[in-house]
Each structure stands twice: as C-alpha cells, then as structure tokens.
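Here is a structure to read piece by piece. The turns below ask about its packing, its strands and its rings.

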Amino acid sequence: MKKVINWILNILITIIIIIIIYLLWQNYLMKQKEVENTRVAFDNFSSLTCDNKTIKADTSRPQVTNDTVSSNEIIGYMTFPKLGTSTAILQGDISDDQTAAMDRGVSHDPRSTMPGEVGNSVFAGHRHLFFKSFLDLEPGDAVIVNVGDNIYIYEIQSMDVINPEEVDAVFYDNDQDLLVMYTCFPIETWKPYTQRLVVKAKPISETSVSECAGLGGQ
C-alpha cells in the first residue's frame, strides 16, 4: 500500500510540475507577442517628441474611430512615462472577450469611445503583462496613449478595486471624459483573482518627464 501511495504522489507531483512548466512557457510566449507588437506599434505610429523634457499632446491628425479599425488590429501604443514602459494597443473583439487582443498588448474596448472623443475610453489588459505595472503607479502619474498617430496625455486620478458585477456601471458612464484601464485583481499572478483593479485618468495637455529615452522621444 505504501508503494502505491508513493507512486500516486510521484505521479501527481510530476503532473503539477508539467502544468507549472506549461503555464510558464505560455506566459513567456505571450510576453514575446507583446514585445513584438509593441515594436510594430512604435514602427508604425508617431514617436513621442520631447521638448525640454515635456511631452505634449498632439491631436493634429484625423482621429481613429471604432468604425475605421478592425478587431485585433494594432492601433497605437500606451506608455507609462514614470516607468519608461510601453505596450501595443489593439482593437478588442467582444466576441472573444477581447482575449486575443489582450494576449498581445492592451485591448481597447470597442463598446467605449476612442481617445479624443467625448466619453470614457476603456482599455483592458492581463495582470501579468503591461498592467502588472499598476503596482508601481499612483495618482498624479501620467499615461500617454497614441492612437492612429494622435498622442493623448492623461493623469491618473484614482485606483479602485471593484467586483466584476460592477464593471459595466463604471466603464460605460459616458457623462465623463476619462481614460479607464482595468485588469484582474490581485495583480500577483500566483493569487487567484476575484476582483478588478480600475485605474481612471483625466486628460491633460502635457506632462514633464525626467527622461525621454525609451519612450520613443528625441
């Protein structure tokens, strides 16, 4: 009996190890997709320009709308200047819960407005990719969004944890003009997620950054 129990335990341990390796490999592949799509986004869209260490909003080009882009298309990039990190923005697809887009960067929810339009612009992302940086941000930090060569700048106003059933009421309140970003919570991937972390930011015209290197700027 003891040999049988040990055999079963060894089998279970082996299965667990295989599952862990598989999940780590999948996370690695997903991160590589995000890196590649971010490179494509920087190649295809305007670089951030820094003037005396100030990044200014530029909306001089025609605005992108939900009607002019396709699901899972790369439409720009998002940057956290405090951290010097960026990721590609893809147009989400509601039919797959935006998963395909989130697996490659952050997803713009097509049920929400685009930056530059009146209303909330909503972006979803995985907690183990770009939005894991939420733990290093705080109110007052800047967020830069480039969509279709137009650069928009936002300042974080609030960071709140909500229940999943509260999502629609928060994200689609078009009486406000906000950038809304959300991911699963807790952020730590080894913890099971039961809630959502929602980050809201208001539009501003410019932001000062200590370093422009790594942000696509000059």
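Q: Which residues does M181 touch, not counting residues up to four places away in sequence?
A: This is a predicted model. In it, the M181 list takes in M78, F80 and V143. It also takes in the aromatic residues F123, F131 and F134. The remaining names on the list are L197, V198 and V199.

Q: Which residues have the most contacts inside the largest nonpolar core?
A: That core has 25 residues. The elements giving two or more residues to it are β3 (74-80), β7 (142-147), β8 (150-162), β9 (179-185) and β10 (195-204). The residues with the most contacts inside it are M78, F80, V143, V145 and M181.

Q: How many residues does the second, separate core have?
A: Among its members are I55 and Y77. A88 and I144 belong to it as well. The size of this second core is 14 residues.

Q: In what order do the strands close into a barrel?
A: The barrel is made of 8 strands, and their pairing is mixed. Neighbouring strands of this sheet are turned by 30° against each other on average, direction ignored. The order is β3-β4-β5-β6-β9-β10-β8-β7.

Q: Do β7 and β8 pair in the parallel or the antiparallel sense?
A: Strands of a sheet can pair either way, through backbone hydrogen bonds. β7 and β8 are joined over 6 bridges. N146 stands opposite I151 in β8. The sense of the β7 and β8 pairing is antiparallel.

Q: Why is β9 largely enclosed by the rest of the structure?
A: Buried means under 20% relative accessible area. β9 has 7 residues, and it is largely enclosed because the number of them that are buried is 6.

Q: What is the bridge partner of M181 in β10?
A: β9 is joined to β6 (residues 121-124) by 4 bridges, and these two run parallel. There, F123 has M181 as its bridge partner in β9. β9 and β10 run antiparallel, joined by 7 bridges. In β10, the partner of M181 is V199.

Q: What distance does helix α1 reach from its first C-alpha to its last?
A: Helix α1 covers residues 2-44, which makes 43 residues. At 1.5 Å a residue, the expected reach is 63 Å. The model comes close to that, with a reach of 63 Å.

Q: Which strands do the buried residues of α1 pack against?
A: The buried residues of α1 are M30, E34, N37, T38 and A41. Residues three or four places apart in an α-helix point the same way, because there are 3.6 residues a turn. The buried residues of α1 pack against β3 and β4 (85-91).

Q: Why is the pair of F42 and Y77 stacked?
A: A search of the whole structure finds 5 aromatic pairs. The ring centres of F42 and Y77 are 4.3 Å apart. Planes under 30 degrees apart count as stacked. The F42 and Y77 pair is stacked because its planes are at 25°.

Q: How many residues apart in sequence are the parts that F42 and Y77 tie together?
A: F42 is partly exposed, with a relative accessible area of 22%. Y77 is buried, at 0%. F42 lies in helix α1 and Y77 in strand β3, so the pair ties together parts whose separation in sequence is 35 residues.

Q: Which residues do ring pairs link into a cluster?
A: F131 and F134 form a stacked pair, 4.5 Å centre to centre with 20° between the planes. Both F131 and F134 are buried. The cluster linked by ring pairs is F80, F130, F131 and F134.

Q: Where is L137 placed?
A: L137 counts as buried, at 7% relative accessibility. Leaving aside neighbours within four places in sequence, L137 is in contact with F80, K82, L83, I156 and M159. The C-alpha atoms of L137 and I156 are separated by 8.6 Å, though the two are 19 residues apart along the chain. L137 sits in the loop between β6 and β7.

Q: What is the bridge partner of I55 in β11?
A: An open sheet of 3 strands has the order β1-β2-β11. Its edge strands are β1 (50-51) and β11 (206-208). Strand β2 (residues 54-56) pairs with β11 in the antiparallel sense over 3 bridges. In β11, the partner of I55 is T207.

Technical notes:
Residues are numbered from 1 along each chain as its sequence is written. This is a predicted model: local features need pLDDT of at least 70, side-chain atom pairs count only at pLDDT 80 or more; totals for chains, interfaces and linings use all residues. Side-chain values use heavy atoms; hydrogens and water are left out. A nonpolar core is a set of buried Ala, Val, Leu, Ile, Met, Phe, Trp, Tyr and Cys residues joined through side-chain atoms within 4.5 Å. Buried means under 20% relative accessible area, exposed over 50%, partly exposed in between (1.4 Å probe, protein chains only). Contact means heavy atoms within 4.5 Å. The expected span of a helix is 1.5 Å times one less than its number of residues. Two strands pair if DSSP finds at least two bridges between them. Axes are lines fitted to C-alpha atoms, for helices over the stretch in contact, and angles run from 0 to 180 degrees between N-to-C directions. Rings of Phe, Tyr and Trp (its six-membered ring) pair if their centres lie within 6.5 Å; planes under 30 degrees apart count as stacked, over 60 as edge-to-face and the rest as tilted.
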